[in-house]
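Please read the following points with the model open beside you, and follow each one in the picture before moving to the next.

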Amino acid sequence: MQPVDRRQFLKIAGLGGVVFASGLGCASTKSDMAYGAGQDEFFFVQLSDTHWGFKGAPNPDAEGTLPKAIAAVNALDPQPDFIVFTGDLTHTTDDPAERRRRMARFKELIGGLKTQRIRLMPGEHDASLDNGAAFKEFFGETHYSFDHKGVHFIALDNVSDPHGAIGDEQLAWLKSDLATQKPDGRIVVLTHRPLFPLYPQWDWATKDGAQAIAALMPYQHVTVFYGHIHQENHFKTAHIEHHSAKSLIFPLPAPGSTPKRVPLAWDPAHPYRGLGFREVEAESNEYKLTELPVAKA
Amino acid sequence: MNRRLFLLLPLAGAAWAQPEPRVIAIRAKKFEYMPAEIELKAGEPVVLELTTEDVHMGFDAPELGLHADIIPGRVVRVPFTPGKPGSFEFACDVFCGSGHEDMTGVIKVAA
């Protein structure tokens with residue numbers, strides 16, 4: 001695979017992909033400009049819902065899709081500052097030994113990424129049947145925060161509780177973590193489920209997500225990136241933006257658009273359609289999202 | 001007790017008696033509800049009796065404001081009276097395994 005340079009990258013986005021400008025302040029006001037001044041620009045890549053171990057008609061190339069996505073990320077030039085996986089790294093199994101085999105293989109595969117600054121978080125398929133025990137063995141803590149070039153990143157775990165809740169203890173941690181931030185600081189939340197009730201009829205929500213949003217609300221520049229729903233969705237709760245990512249296994253229908261949330265059928269004429277990953281470019285006062293295909297058409 | 005009061009009591013009892021709510025048994029198992037389609041009438045009080053045949057499940061019908069955890073070995077009773085006609089989806093909201101996403105159903109309320 002040929003590397004995709006920045007110019008080609010924007011060309012792809014302009015022709016077949018989507019560039020989504022996510023305004024931290026939306027309007028470029030004087031205060032926004034001042035706020036952004038002196039911040040380093042950088043980009044990271046979001047991959048989500050790889051479901052390693054899935055077998056089924058919705059993706060006849062289930063074992064080939066993640067390696068293709070890894071090759072596509074490795075072809076980026078320059079490489080991202082870091083890579084995030086927003087959950088459902090593996091497809092669930094009742095067998096704890098098989099769960100660990102899938103996690104071990106996933107870990108081995110992502111060892112092939114050129115950029116080894118990787119941030120992982122669990123999805124319900126990884127963590128809900130054992131409260132995150134296997135995930136922690138392989139990948140460490142399920143919630144944490146870190147800073148990168150002036151942006152404070154918070155990874156929230158809303159899946160280790162099989163009810164799809166964050167829980168009081170983690171919410172208390174979130175509040176104490178946020179207390180270290182200035183009201184106009186740049187904050188990015190990474191999580192698996194939507195924090196807002198996108199479509200609770202399909203369990204596309206976080207039980208106590210409203211409490212997390214309330215804790216984030218006093219901060220002026222908050223953006224949430226999540227997975228779970230296997231498609232792009234862009235939503236705002238007041239000034240807080242929420243962007244879901246495509247999957248790397250199969251797409252799901254738009255919220256409530258079909259009687260059941262069954263995967264969209266694989267189209268042999270357009271393999272990998274609906275799958276992909278995302279580049280997030282952090283600029284002075286906005287994030288630019290570029291959606292990229294898992295494999296070239 | 002005088003005779004007049006004695007005669008009034010059975011009449012008063014009849015006037016206050018409420019019909020027993022209809023009981024609808026819903027069994028959950030990996031990865032389905034039985035039945036998955038429930039037909040009710042608006043204004044008819046019912047009790048959903050929820051059980052699970054295997055693991056901890058959930059029952060969540062957000063549009064009706066109904067939610068319950070279904071614990072193995074227990075019968076969970078959810079009384080309610082549907083207020084308006086329509087179709088209302090319900091789903092398992094406690095992750096239960098590889099077919100969790102298939103655990104859905106619908107409550108159809110007739111006028």
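1. Two strands count as a pair if DSSP finds at least two bridges between them. With that in mind, note that this is a predicted model, and that strand E1 (residues 22-29) of chain B is joined to strand E2 (residues 32-34) of chain B by 3 bridges, the two running antiparallel. B:Lys29 stands opposite B:Glu32 of E2(B), and the hairpin that links E1(B) to E2(B) passes through 2 residues.

2. E1(B) has another partner to look for, since 7 bridges join it to strand E4 (residues 46-52) of chain B, and here the strands run parallel. Within this pairing, B:Arg27 is found opposite B:Thr51 of E4(B). When you look at the side chains along such elements, keep in mind that in a regular strand they alternate between the two faces of the sheet.

3. Taken as a whole, chain B contains 1 helix and 9 strands, and along the sequence the helix comes ahead of the strands, in the pattern α-β-β-β-β-β-β-β-β-β. Of the 111 residues in chain B, 24% are buried. Among the contacts in chain B with a separation of 6 or more, 64% are between residues 24 or more positions apart.

4. In chain A, please trace the open sheet of 6 strands, whose order is E7-E8-E9-E10-E12-E11 and whose pairing is mixed. Its edges are strand E7 (144-148) and strand E11 (233-237) of chain A, each of which pairs on one side only, and the twist from one strand to the next averages 20 degrees. Inside this order, strand E8 (residues 151-155) and strand E9 (residues 186-190) of chain A run parallel and are joined by 5 bridges, with A:Phe153 opposite A:Val188 of E9(A).

5. How do helix H7 (residues 168-178) and helix H8 (residues 209-216) of chain A pack? Their axes lie 10 Å apart and make an angle of about 10 degrees; because angles under 35 degrees count as roughly parallel, H7(A) and H8(A) are described as roughly parallel to each other. H7(A) contributes A:Leu171, A:Leu174, A:Lys175 and A:Leu178 to the contact, while H8(A) contributes A:Gln211, A:Ala212 and A:Ala215. By class, this contact has 5 nonpolar, 1 polar and 1 charged residues.

6. Finally, consider where the chains meet: 11 residues of chain B are in contact with 16 residues of chain A. On the side of chain B that touches chain A, there are 4 nonpolar, 3 polar and 4 charged residues.

How values were computed:
Residues are numbered from 1 along each chain as its sequence is written. Chains are lettered from A and ligands numbered from 1 in the order in which they are written. This is a predicted model: local features need pLDDT of at least 70, side-chain atom pairs count only at pLDDT 80 or more; totals for chains, interfaces and linings use all residues. Two residues are in contact if their C-beta atoms, placed from the backbone, lie within 7 Å. Ala, Val, Leu, Ile, Met, Phe, Trp, Tyr, Cys and Pro count as nonpolar, Asp, Glu, Lys and Arg as charged, and the others, Gly among them, as polar. Helices (H or I, at least four residues) and strands (E, at least two) are DSSP runs, numbered from the N terminus. Axes are lines fitted to C-alpha atoms, for helices over the stretch in contact, and angles run from 0 to 180 degrees between N-to-C directions. Angles under 35 degrees count as roughly parallel, over 145 as roughly antiparallel, 65 to 115 as roughly perpendicular and the rest as oblique. A residue is buried if 20 or more other C-beta atoms lie within 10 Å of its own, exposed if 12 or fewer, and partly exposed in between; C-beta atoms are placed from the backbone.
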